[in-house]
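Trainee: I have a model open in front of me and I'd like to learn how to read it. Can you walk me through a few features?

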Amino acid sequence: MEVPPLKNSHSESYAAAGVDVTAGYEAVKRIKPMVESTYIPGVMGTLGGFGGMFAPDMTGMKKPVLVSGTDGVGTKLKIAFLMDKHDTVGIDCVAMCVNDIICGGAAPLFFLDYIACGKNDPARIAEIVSGITEGCRQAECALVGGETAEMPGFYPAEEYDLAGFSVGIVDEEKIIDGKALAEGDVLIGLASSGVHSNGFSLVRKVFDVTAENLKEYHESLGTTLGEALLAPTRIYVKAVKALLKASVDIHAVSHITGGGFYENVPRMMTDGLTAAIHTGSFPCPPIFRLIQEKGNIPTRDMYNTFNMGIGMILAVPAPQAGQALDLLSAAGETAYQIGQVIPGSDGVVLD
């Protein structure tokens, strides 16, 4: 975050150029309690320093490995601008980073955000950060720092960009890297909460989104189009950690993001093995059917762009599939047995 308020810090010349440093101080004042609500053991200090500090507990680890991930929210932000709703995109930002980290078996430790805006509106910054802190709490990691950059002339006054990165830790011998993957492993899909944070360039083109049509109620969705599209990305960290704690042998994990099944699932496979996924084994949320019908999009393109209702896929030994499904349900996830690992060089096949 930025430096705490300084009594003598004010530049009329900088303000005349469009940058109000005092607005930055006000934003920090508003977000400080929210940020501190994410603190977990290991956090050192509080807001105001030049770097966030964290002392990880590596007790019992033979060879600790740090795992990092970075991402943004993409053009989903355009939906937030049109709806003037900014308290959920922060969850998306955290999710896109921590869901990647957990794929390697690493527990996220901390997160940092970067907000670049045309005009620093402290109330709006606080709204954005409320989502970031909620995402951190869901991921059981701490928000230890970040940056708010006011950039007039580069961004429109009412727009901003949002990105971040996270660092996690895992013992080397417990890294999930696909090396244990074997023919016959069961593929378990964790339900998504909707479109998540990918494919929004296509979504915006399909619906030619405006502030007005985002307010339209769709019977098939049970909500307005805007509310359905802005549903925050689901965070799967606690669920995967629950499986690892119960000693379920997770052989591989894939976070289904941009590129859908055809791009992401092969990344969890090893040479000579392919994921056979039965698309009829899990429900396709109505938002995807609406996108496909409205845009006249081929089915293959849908599965090559969107998550289609499955936000993460785990590969586990067949004898442990039932236990894994029970544990995921207990952790609050809706999970399905969606396929198995078979011999092949395609990476993924869908039927």
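**Reading the model, piece by piece**

Mentor: Let's start with a record: UniProt, in an unreviewed entry, lists residues 65-170 as "domain: PurM-like N-terminal". Keep in mind that what you see is a predicted model.

Trainee: What is the make-up of residues 65-170, and how far apart are the end C-alpha atoms?

Mentor: That stretch is 37% helix and 37% strand, and its end C-alpha atoms are 5 Å apart.

Trainee: Now the sheet. In which order do its 4 strands come?

Mentor: To read a sheet, go across it strand by strand. Here the order is β3-β6-β4-β5, in an open sheet with mixed pairing. The edges are β3 (64-72) and β5 (142-150), each of which pairs on one side only. On average, neighbouring strands are turned by 15° against each other, direction ignored.

Trainee: In which sense do β3 and β6 pair?

Mentor: Antiparallel, over 9 bridges, with β6 covering residues 160-171. If you want a spot to zoom in on, Thr 70 stands opposite Phe 165 in β6.

Trainee: Which strands does helix α5 lie across?

Mentor: Helix α5 (residues 122-139) lies across β4 (107-117), β5 and β6, and runs at about 165° to β4.

Trainee: How do I read the faces of a helix? Which residues of α12 are buried, and which are exposed?

Mentor: Look down the axis and see where each kind of residue points. In α12 (residues 321-330), Ala 321, Ala 324 and Leu 328 are buried. Those buried residues fall within an arc of 60° when seen down the axis, so they line one face of α12. On the other side, Asp 326 and Ala 330 are exposed.

Trainee: What covers the buried residues of α12?

Mentor: The cover includes β7 (186-191), α8 (237-245), β12 (310-316) and β13 (335-343). Then check what follows the helix: after α12 comes Gly 332, whose phi is positive, near 95°.

Trainee: And single residues? Is Ile 291 buried or exposed?

Mentor: For a single residue, go by relative accessible area, where buried means under 20%. Ile 291 has 0%, so it counts as buried. You'll find Ile 291 in helix α10 (residues 286-295).

Trainee: Which residues is Ile 291 in contact with, leaving aside neighbours within four places in sequence?

Mentor: Val 195, Val 203, Val 206, Phe 207, Ile 297, Met 302 and Phe 306. As for Arg 30, Ile 291 is 261 residues from it in sequence and 38 Å in space, C-alpha to C-alpha.

Notes: Residues are numbered from 1 along each chain as its sequence is written. This is a predicted model: local features need pLDDT of at least 70, side-chain atom pairs count only at pLDDT 80 or more; totals for chains, interfaces and linings use all residues. Side-chain values use heavy atoms; hydrogens and water are left out. Two strands pair if DSSP finds at least two bridges between them. Helices (H or I, at least four residues) and strands (E, at least two) are DSSP runs, numbered from the N terminus. Axes are lines fitted to C-alpha atoms, for helices over the stretch in contact, and angles run from 0 to 180 degrees between N-to-C directions. Contact means heavy atoms within 4.5 Å. Buried means under 20% relative accessible area, exposed over 50%, partly exposed in between (1.4 Å probe, protein chains only). The arc is that of the directions from the helix axis to the C-beta atoms. UniProt positions are given in the numbering used here, feature names are shortened, and annotations may be inferred rather than shown by experiment.
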